[in-house]
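This report concerns the empty spaces, the nonpolar cores, the disulfide and two backbone angles of one protein model. Please keep the sequence and the structure at hand while reading.

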Amino acid sequence: MPSLISFVSIVVSSFAFASGIQADNYSVQRVAEGIFYHQGSHEVANNKNLGAIANVGFIIGNECVAVIDSGGSFREGELLRKTIRQETDLPICYVINTHVHPDHILGNAAFKNDDPEFIGHEKLPAAMASREQHFAKQFSEILGDAYKGTEFIEAETLVMVDSPLKLDLGNRPLILTAYTTAHTDHDLTVYDANTSTLWTGDLLFVERVPVLDGSINGWIEAINKLTELDEAWVIPGHGPAFDGQESAGWQNLLRYLTTVREEIRLIINDIGTIEEAIDSVGTQEAEKWKLFEEYHRRNVTAAFVELEWE
């Protein structure tokens, strides 16, 4: 196995929109043969960054292409599609959504004319239906013109928990695995067998603070299972891809989640309140994560509500 990821950038330059928003130098990096991803910025979504804050990308087989998450806005979806077309003319046969969060799915409609098969976790349709109205209102305001063209496209092929789905892009087998409640209640990973590359979706955050929208207990359990795998490369939902032999990315996330869980349990056992937990739990992690102030207190709140009923 190579000791260093060989990154090759493909750039879409000066892609301008009528609104005056520009996305210069939207680029993807090649992790392994036929595998490319765009690393999202560690920011909160806004109209200037086009919502491009999550890792998205694609895998090229001998016959067709699979998109792994479509982007944080319709405009990012267009940029991603344009980048794919600079690399290959093969048809785009699949758009795989790792979960429902808007930074991963709002670019779906940019691929609609390719007539791909949209794929997600068995619980993705329910998650999308319950949040569509809220997402539409919130992100049409946040993203402005970058949101125009957005559609919430329901997955037509669903991956069942404990029953992985196998796809083939043409001498390019992929294994899609659905998880019980962890980061969300509908997380999906994608494994490329040819290169032993794992796309984790938001089951893994690197550098920026994670966001809990499911179960802290389930997430810790999922991480423990994922770290048992033997991957050559790992592409997280946020942050840089890395050599699968490096464990720091996984261990940092596990440390954060276990710290939050253990400190909340101590407060609950001492008949403490959620307010006490929000003020004190995990504060030593603040300097170790980007966007800590924006999301950490929400994580503590969600975890407290779960753990007080253990």
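The largest pocket encloses about 530 Å³ of space. The model is a predicted one, in which local features need pLDDT of at least 70 and side-chain atom pairs count only at pLDDT 80 or more, whereas totals for chains, interfaces and linings use all residues. Residues are numbered from 1 along each chain as its sequence is written, and side-chain values use heavy atoms, with hydrogens and water left out.

**Pockets and cavity**

Rolling a probe the size of a water molecule over the atoms shows where empty space is left. On a 1 Å grid over the protein atoms alone, a pocket is an open set of points with protein on both sides within 12 Å along at least five of seven lines, a cavity is a set of points where a 1.4 Å probe fits but cannot get out, and lining residues have an atom within 4 Å of a point. Grid points are joined across faces, edges and corners, and a volume is the space filled by probe spheres set on the points.

Which residues lie nearest the centre of the largest pocket? They are His101, Pro102, Phe139, Tyr295 and Arg298, from a lining of 25 residues. Helices (H or I, at least four residues) and strands (E, at least two) are DSSP runs, numbered from the N terminus. At least two lining residues come from each of α2 (102-105), α3 (124-143), β14 (197-205) and α7 (292-307). Helix α3 supplies the largest share, six residues.

The second largest pocket holds about 370 Å³ of space. Its lining has 22 residues, and Thr177, Ala178, Tyr179, Lys225 and Leu226 are the closest to its centre. Two or more of the lining residues come from each of β12 (173-178), β13 (188-192) and α4 (216-226). Here α4 gives the most, with five residues.

One cavity of 30 Å³ or more is counted, and the largest cavity has a volume of about 40 Å³. Among the residues that line this cavity are Asn55, Asp69, His104, Trp199 and Gly237. Strands β14 and β15 (233-238) each give two or more residues to the lining, and the largest share, three residues, comes from β15.

The table sorts each lining by class: Ala, Val, Leu, Ile, Met, Phe, Trp, Tyr, Cys and Pro count as nonpolar, Asp, Glu, Lys and Arg as charged, and the others, Gly among them, as polar.

| Space | Nonpolar | Polar | Charged |
|---|---|---|---|
| Largest pocket | 12 residues | seven residues | six residues |
| Second largest pocket | 11 residues | six residues | five residues |
| Largest cavity | four residues | five residues | one residue |

**Nonpolar cores**

In soluble globular proteins, nonpolar side chains tend to be buried together. A nonpolar core is a set of buried Ala, Val, Leu, Ile, Met, Phe, Trp, Tyr and Cys residues joined through side-chain atoms within 4.5 Å. Buried means under 20% relative accessible area, exposed over 50%, and partly exposed in between (1.4 Å probe, protein chains only).

The largest core has 37 residues, and those touching the most other members are Ile216, Trp219, Trp250, Leu257 and Ile264. Elements β14, α4, α5 (248-269) and α7 each give two or more residues to this core. The largest share, nine residues, belongs to α5. With contact meaning heavy atoms within 4.5 Å, and residues up to four places away in sequence not counted, Leu257 touches Ile216, Trp219, Ile220 and Ile223. A second, separate core of 35 residues includes Val56, Leu80, Ile105 and Ile153.

**The disulfide**

The structure has one disulfide (a pair of cysteine sulfur atoms within 2.5 Å). Its partners are Cys64 and Cys93, with sulfur atoms 2.1 Å apart. The link is right-handed, with 65° about the S-S bond. Because Cys64 sits in the loop between β6 (56-60) and β7 (65-68) and Cys93 in strand β8 (residues 92-96), the pair ties together parts that are 29 residues apart in sequence. Both cysteines, Cys64 and Cys93, are buried.

**Two residues with positive phi**

Asp69 is not a glycine, yet its phi is positive, near 65°. Asp69 belongs to the loop between β7 and α1 (74-87). Is Asp69 buried or exposed? Asp69 is buried, with a relative accessible area of 2%.

Asp115, also not a glycine, has a positive phi of about 55°. Asp115 lies in the loop between α2 and β9 (117-121) and counts as exposed, at 67% relative accessibility.
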